[in-house]
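Open the model in your viewer and keep the sequence panel beside it. The stops below say what to select next and what is there.

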Amino acid sequence: MSMIELALNDVACTGCMGKIKRRIEKTTGVEQVKILSGTGKVQIKFNENHIQIDEINQTIHKLTLRSFD
């Protein structure tokens, strides 16, 4: 298991952060997603045998773009 912490600076509202959290939790290999309230960051625990950090970053980037459409 690995853990990463990513900034979601572009996502201002908690509703959007919640949507992103729920979507990431459904991703294969992701074990736990925690929003660090007040920091604009998300902490993700994942299995590196199933998903890589680059894939997580791409997923988050796509989700943040959709949040503002």
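## A loop to start from

Begin at Glu48, which sits in the loop between S3 and helix H2 (53-67). This is a predicted model. Glu48 is partly exposed, because its relative accessible area is 31%, and partly exposed covers values between 20% and 50%. Now add Met3 to the selection. Glu48 and Met3 are 45 residues apart in sequence, yet their C-alpha atoms are 9.5 Å apart in space.

## The whole chain

Zoom out and switch to cartoon. The protein chain has two helices and three strands. Along the sequence they follow the pattern β-α-β-β-α. Color by relative accessibility next. Of the 69 residues in the protein chain, 36% are buried.

## Strand S3 and its partners

Select residues 41-46, which make up strand S3. Which residues of S3 lie on the covered face, and which on the uncovered one? Val42, Ile44 and Phe46 form the covered face. Lys41, Gln43 and Lys45 form the uncovered face.

Now bring in strand S1, residues 2-7. S1 and S3 run antiparallel and are joined by six bridges. To find one pairing, select Ala7: its bridge partner in S3 is Lys41.

Next, add strand S2, residues 30-36. S2 and S3 also run antiparallel, with six bridges joining them. Pick Gln32 here; Lys45 of S3 stands opposite.

Follow the chain from S2 into S3. The hairpin of these two strands has four residues between them. Stop at Gly38 in this hairpin and check its backbone: phi is positive, near 80 degrees.

## Leu6 in strand S1

Return to S1 and select Leu6, which lies in this strand. Is Leu6 buried or exposed? Leu6 counts as buried because its relative accessibility is 17%, and the cut-off for buried is under 20%. Add Asn57 and draw a C-alpha distance. The value for Leu6 and Asn57 is 8.4 Å, with their positions 51 residues apart along the chain counted as the separation.

## Two salt bridges

Show side chains as sticks. How many salt bridges does the count give? The count comes to two.

Select Lys41 and Glu5 for one of them. The closest N and O atoms of this pair are 3.7 Å apart. The pair links distant parts of the chain: Lys41 belongs to strand S3 and Glu5 to strand S1, 36 residues apart. Lys41 counts as partly exposed, because its relative accessibility is 33%. Glu5 counts as partly exposed too, at 43% relative accessibility.

Then select Glu25 and Lys21. Their side chains meet in a salt bridge, with 2.7 Å from N to O. Both residues lie in helix H1, four residues apart, which is about one turn of the helix. Glu25 is partly exposed at 37% relative accessibility. Lys21 is partly exposed as well, with a relative accessible area of 25%.

## The positive patch

Switch to a surface view and select Lys19, Arg22, Arg23 and Lys26. Together these residues form a positive surface patch.

Take Arg23 on its own. Arg23 is in helix H1, residues 14-25. Its relative accessible area is 39%, so Arg23 is partly exposed.

Move to Arg22, also found in helix H1. What does its accessibility say? Arg22 counts as partly exposed, because the relative value is 47%.

For a last distance, add Val33. Arg22 and Val33 are eleven residues apart along the chain, and their C-alpha atoms are separated by 8.3 Å.

How values were computed
Residues are numbered from 1 along each chain as its sequence is written. This is a predicted model: local features need pLDDT of at least 70, side-chain atom pairs count only at pLDDT 80 or more; totals for chains, interfaces and linings use all residues. Side-chain values use heavy atoms; hydrogens and water are left out. Patches are made of residues with over 30% relative accessible area and no salt bridge: like charges are joined within 9 Å, nonpolar side chains (Val, Leu, Ile, Met, Phe, Trp, Tyr) within 5 Å. Accessible areas come from the Shrake-Rupley method with a 1.4 Å probe; for residues, only the protein chains shown count as cover. A salt bridge is a side-chain nitrogen of Lys or Arg within 4 Å of a carboxyl oxygen of Asp or Glu. Lys and Arg count as positive and Asp and Glu as negative; His and the chain ends are not counted. The place of a charge is taken as NZ of Lys, CZ of Arg, CG of Asp or CD of Glu. Buried means under 20% relative accessible area, exposed over 50%, partly exposed in between (1.4 Å probe, protein chains only). Two strands pair if DSSP finds at least two bridges between them.
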